[in-house]
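I opened this notebook to record what I looked up in one structure. The entries follow the order in which I consulted the record and the model.

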Amino acid sequence: MNDLQYEFGMVGLGVMGRNLMLNIADHGFSVIGLDLDPEKSAAVETEAGAGKPVRGTTSMEDFVQSLRTPRALMLLVPAGKPVDAAIASLLPLLEPGDIVIDGGNSYFPDTDRRVVELEQKGIHFFGMGISGGEKGARFGPSMMPGGNRHAYERLRPVFEAVAAKVNGEPCVTFLGNGSAGNYVKMVHNGIEYGVMQLLAEAYDALKRGVGLDDDALQAVFQSWNQTELQSFLVEITGEILKYTDEQTGQRLVNVISDVARSKGTGKWTSQNAMDLQVPVPSIDMAVLMRDLSKYKEERVAASKALPNNITPSGDSAEQKQLTEQVRNAFYFAMLATYAQGLAQLKVASEAYNYELQLAEVAKIWRGGCIIRAACLTNIRAAYEKEPALANILLDPKIGSDLMERQQDIRATLKFAIDRGIAMPAFMASLAYFDGYRTESLPTNLIQAQRDYFGAHTYERIDMPGIFHTQWS
């Protein structure tokens, strides 16, 4: 099999690289992997099983020479300098027309730089977000490639074969120019941050406020996954809540530290949204609450200095009503979070010339990825009906869903406020909805204040022009 010209190459045979490589082989494509660790390069052949067109190597020259031209090879190495180092090592061995794909969570300006640098040498560079974790890589991820449209045709048969499928449609498509793929994955991760924070807040309100025990909590989230809330994150929340720790006999979630970690993609989403002047408050709050979680010692001290003795509801009828309100509130806030992320994609597409089709983005998010959810079917339909839709809140179906549930999110927040339970992502979601549908915001006062202290000028609603007033 060593004389075979391999269809695809994989650089970096950690868990994600190995699993995706085996997925490619399962679909009948010959694939060669490169890793400097001899154990990793040898393991892929053993794991692939007899007769699969798979080979591992530690030699970069062997790797490149074994690929059919134009070569297609993917880097699955840590983002940042390791990507640049891998490209620099491979570049002398590549030829014009070859394609290099970065499958990691690279920051999109780095991808734009690499596209330009490699284009000067006649080599196509793709930034491709991959979502679905280890299991997704092995059995079907959602993949978000961006780069040269014509070069994508060399990759399309492989990607469409290995991607997750929903109703027979592969969860991969060419997204757009340059760093479009990495940008879409970045916003995907921002939405992921937002929905995870919403689930954590719902869990907290049901546990400390409503007074549900571990069994009832698990049953609630499991039942939610059988409704319009059906999604990967709701599903795994139900599974997490029933898992028992072998060491203590408690539910494992109850002995896990509340200090959250992050890899930065949520922060990138918020930072770039501010650069583009696109409001994404639910995502912003998710990032901020992970930051607040890190101040554990201060929070412990504050809990003693500023005590909050929450008395949970004990009435079963009231518990049932409150749980239903939280369910509807979560659906409202989840839709608002998707709306914010998709609005950011629309603005970014125009700013960076990505030429994104948001119906296609919603389509490939329906399966394989972490934010896959039943609501994406309606979101896709909204963009198919109106491709230029400014915001999914303006879609009649989605707007109706929100209007029907707005009283429940208001009731949920009143309940949380009365008991001192923090639900900032829920609050941000409702504020976004209320602000977006307000014809006249109070920012006219801010414009007057800016003109008063800094002569920054203002515009009027009754005549054209730029004005300044000597207020004092």
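**Entry 1: the annotated domain**

I began with the UniProt record, whose unreviewed entry lists residues 181-472 as "domain: 6-phosphogluconate dehydrogenase C-terminal". I then turned to the coordinates, noting that the model is predicted. In this model, residues 181-472 are 65% helix and 0% strand. The end C-alpha atoms of that span lie 53 Å apart.

**Entry 2: the annotated binding site**

I next asked which residues UniProt places under the feature "binding site". The unreviewed entry gives Asn105, Ser131, Gly132, Gly133, His188, Asn189, Tyr193, Lys263, Arg290, Arg450 and His456. These positions are spread over 352 residues of sequence, and they are also spread in space, with up to 49.2 Å between C-alpha atoms. From this set, Asn105 and Asn189 belong to the lining of the largest cavity. I therefore examined these two residues in turn, given that both are in that lining.

**Entry 3: Asn105**

I located Asn105 in the loop between strand S5 (99-102) and helix H5 (108-119). Is Asn105 buried, exposed or partly exposed? Its relative accessible area is 34%, so I recorded Asn105 as partly exposed. Setting aside residues up to four places away in sequence, I found that Asn105 touches Ala79, Lys185, Asn189, Thr265 and Trp268. With Lys185 there is also a polar contact, side chain to side chain, at 2.8 Å.

**Entry 4: Asn189**

I found Asn189 in helix H8, which covers residues 180-210. Its relative accessibility is 5%, and because buried means under 20%, I entered Asn189 as buried. Apart from neighbours within four places in sequence, Asn189 is in contact with Asn105 and Thr265. Thr265 is thus listed among the contacts of Asn105 and also among those of Asn189.

**Entry 5: helix H17**

I then followed helix H17, residues 396-419, from end to end. How far does H17 reach from its first C-alpha to its last? The distance is 35 Å for 24 residues, close to the 34 Å expected at 1.5 Å a residue. I nevertheless noted a bend of about 45° at Arg405. At the N-terminal end, Asp395 acts as the cap of H17, with a side-chain oxygen 3.2 Å from the backbone nitrogen of Lys397. Just after the helix, Gly420 has a positive phi of about 70°.

**Entry 6: backbone geometry in loops**

I closed with three loop positions.

- I looked up the peptide bond from Thr69 to Pro70 and found it cis, with omega near -10°. Pro70 lies in the loop between helix H3 (60-65) and strand S4 (72-75).
- I found a positive phi, near 55°, at Asn167, which is a residue other than glycine. Asn167 sits in the loop between strand S8 (165-166) and strand S9 (169-170). Its relative accessibility is 74%, so Asn167 counts as exposed.
- I noted that Glu355 has a positive phi of about 60°, although Glu355 is not a glycine. The loop that holds Glu355 runs between helix H14 (316-352) and helix H15 (358-364). With a relative accessible area of 46%, Glu355 is partly exposed.

Note on methods. Residues are numbered from 1 along each chain as its sequence is written. This is a predicted model: local features need pLDDT of at least 70, side-chain atom pairs count only at pLDDT 80 or more; totals for chains, interfaces and linings use all residues. Side-chain values use heavy atoms; hydrogens and water are left out. UniProt positions are given in the numbering used here, feature names are shortened, and annotations may be inferred rather than shown by experiment. On a 1 Å grid over the protein atoms alone, a cavity is a set of points where a 1.4 Å probe fits but cannot get out, and a pocket is an open set with protein on both sides within 12 Å along at least five of seven lines; lining residues have an atom within 4 Å of a point. Helices (H or I, at least four residues) and strands (E, at least two) are DSSP runs, numbered from the N terminus. Buried means under 20% relative accessible area, exposed over 50%, partly exposed in between (1.4 Å probe, protein chains only). Contact means heavy atoms within 4.5 Å. A polar contact is a pair of N or O atoms within 3.5 Å; within protein, one must be able to donate a hydrogen and the other to accept it, and residues adjacent in sequence count only if both atoms are side-chain atoms. The expected span of a helix is 1.5 Å times one less than its number of residues. The bend at a residue is the angle between axes fitted to the seven residues ending there and the seven starting there.
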